[in-house]
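Let's take a walk through this structure together, starting from one side chain and moving outward. Keep the 3D view open and follow along.

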Amino acid sequence: MKKYSVLYNPKSGNGRSATEVYNLEKLLPDATFTYTDITQISDVPGFLSEIPSDEGVILAGGDGTINHFINDIGGKDPGREILYFATGTGNDFLNDIGVTHGDPPFRLNEYIINLPVVYVNGLEKYFLNGIGYGIDGYCCEVGDRIRATSNKKVDYTAIAIKGLIYDYHRTSAEITIDGISKSYKKVWLSPTMKGRYIGGGMKIAPQQDRNAKDGSVSLMVMRCRSKLKTLMVFPSIFKGEHVKHTKIVDIFQGHDVHVKFDRPTALQIDGETVLNVLEYTVKAPRLAEKKEIEKETAGIV
């Protein structure tokens, strides 16, 4: 009988993870489980090293749980197989790889290595899905305030629409990707993406491949002087069709990204909010170049 050590985040899924995690016993009826609240583990690598090699490990939670796990192990290979069982709400990662909430746990290892790093306000963090900067960061900021005072489900779409009409003030932005700079005015969004989805289902970067052989990320800039036109285009983000509006949307791909606004605003990293951000930098690994160097060194052309 297979044994599994389950590391779960009880706060995921608006608190539902604490009960949803036990669905594992229905999905894997021939296995036995021990459950540990991962938020109470101070040394994740040390904890993993104490689990017997013949015992499986399942991480249960949402996108934020995976993000914390990645950073807890320093962006390194965990040294053993890690399975993932989704119990979160947004699940942008699941959308990106074509897995459904409630599916049996699947191998996570290939998705949590060679990840990009964001540098912002003194923080240095690996990320799984993307960096939201602009009105998406604002939505996370407002959502955090709602959760702090209410048990109601946070409606990010409604927050975004209200922000578009009334509360969010656009910025000017200076973006640089792989040494090439460009300036924009009236900017609504300027996220950098490892995956395609952000904000609980918005297909921000439809062409982005998280398994891209060169390790590149996508930088999207959405700007528009007209609030009415922005409101008309905004719903198309959920299907990734906003990229057809080339007069207000630009997408770039590269490895070294820097974005600076002319005033501080909120930013989110895989759903975790960072306040009062004036600029951020992303460094993505240049995987293809590394492989080419290795080939040349070996005399292979």
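Which residue has its backbone oxygen 3.0 Å from a polar atom of the side chain of Arg210? It is Leu128. Please keep in mind as you look that this is a predicted model.

Arg210 is a good place to begin. To find this residue, go to the loop between strand E11 (192–193) and strand E12 (217–223). Is Arg210 buried or exposed? Its relative accessible area is 8%, and because buried means under 20%, Arg210 counts as buried. Besides the backbone oxygen of Leu128, the side chain of Arg210 has a partner in the side chain of Asp96, through a polar contact of 2.6 Å. Leaving aside residues up to four places away in sequence, Arg210 touches Phe93, Asp96, Ile97, Tyr111, Leu128, Asn129, Lys194 and Gly195.

Two of those neighbours, Tyr111 and Lys194, turn up again with Arg210 in the lining of the second largest pocket. Also in that lining are Glu110, Ile113, Asn114, Leu115, Asn211, Ala212, Lys213 and Leu287. The volume of this pocket is about 180 Å³, and its lining residues comprise five nonpolar, two polar and four charged.

Now follow the chain from the loop into E12. All seven of the seven residues in this strand are buried, and the cover extends to both faces: Val217, Leu219, Val221 and Arg223 lie on one side, with Ser218, Met220 and Met222 on the other. Which strands pair with E12? Strand E13 (residues 249–254) runs antiparallel to E12 and is joined to it by six bridges, with Met222 partnered by Val249. E11 also pairs with E12 in the antiparallel sense, over two bridges; here Met193 stands opposite Ser218. Strand E10 (residues 180–189) is antiparallel to E12 as well, again with two bridges, and Val187 has Arg223 as its bridge partner.

Finally, turn to the largest pocket, which holds about 1,400 Å³ of space. Its lining has 48 residues, and the closest to the pocket centre are Thr89, Gly90, Arg147, Tyr156 and Gly271. By class, the lining divides into 14 nonpolar, 23 polar and 11 charged residues. Helix H4 (63–72), helix H6 (135–149), helix H7 (156–167), strand E14 (256–269) and strand E15 (272–283) each contribute at least two lining residues. Which element gives the most? That is H4, with six residues.

Notes. Residues numbered from 1 in each chain as written. Predicted model: local features only at pLDDT ≥ 70, side-chain atom pairs only at ≥ 80, totals over all residues. Heavy atoms only, no water. 1 Å grid on protein atoms, 1.4 Å probe; cavity = no way out; pocket = protein on both sides within 12 Å on 5 of 7 lines; lining within 4 Å. Points joined across faces, edges and corners; volume = space filled by probe spheres on them. Helix = DSSP H or I, 4+ residues; strand = E, 2+ residues; numbered from the N terminus. Nonpolar A, V, L, I, M, F, W, Y, C, P; charged D, E, K, R; others polar. Buried < 20%, exposed > 50% of the residue type's maximum accessible area, 1.4 Å probe, protein only. Polar contact = N/O pair within 3.5 Å; in protein donor to acceptor, adjacent residues only side chain to side chain. Contact = heavy atoms within 4.5 Å. Pairing = 2+ DSSP bridges.
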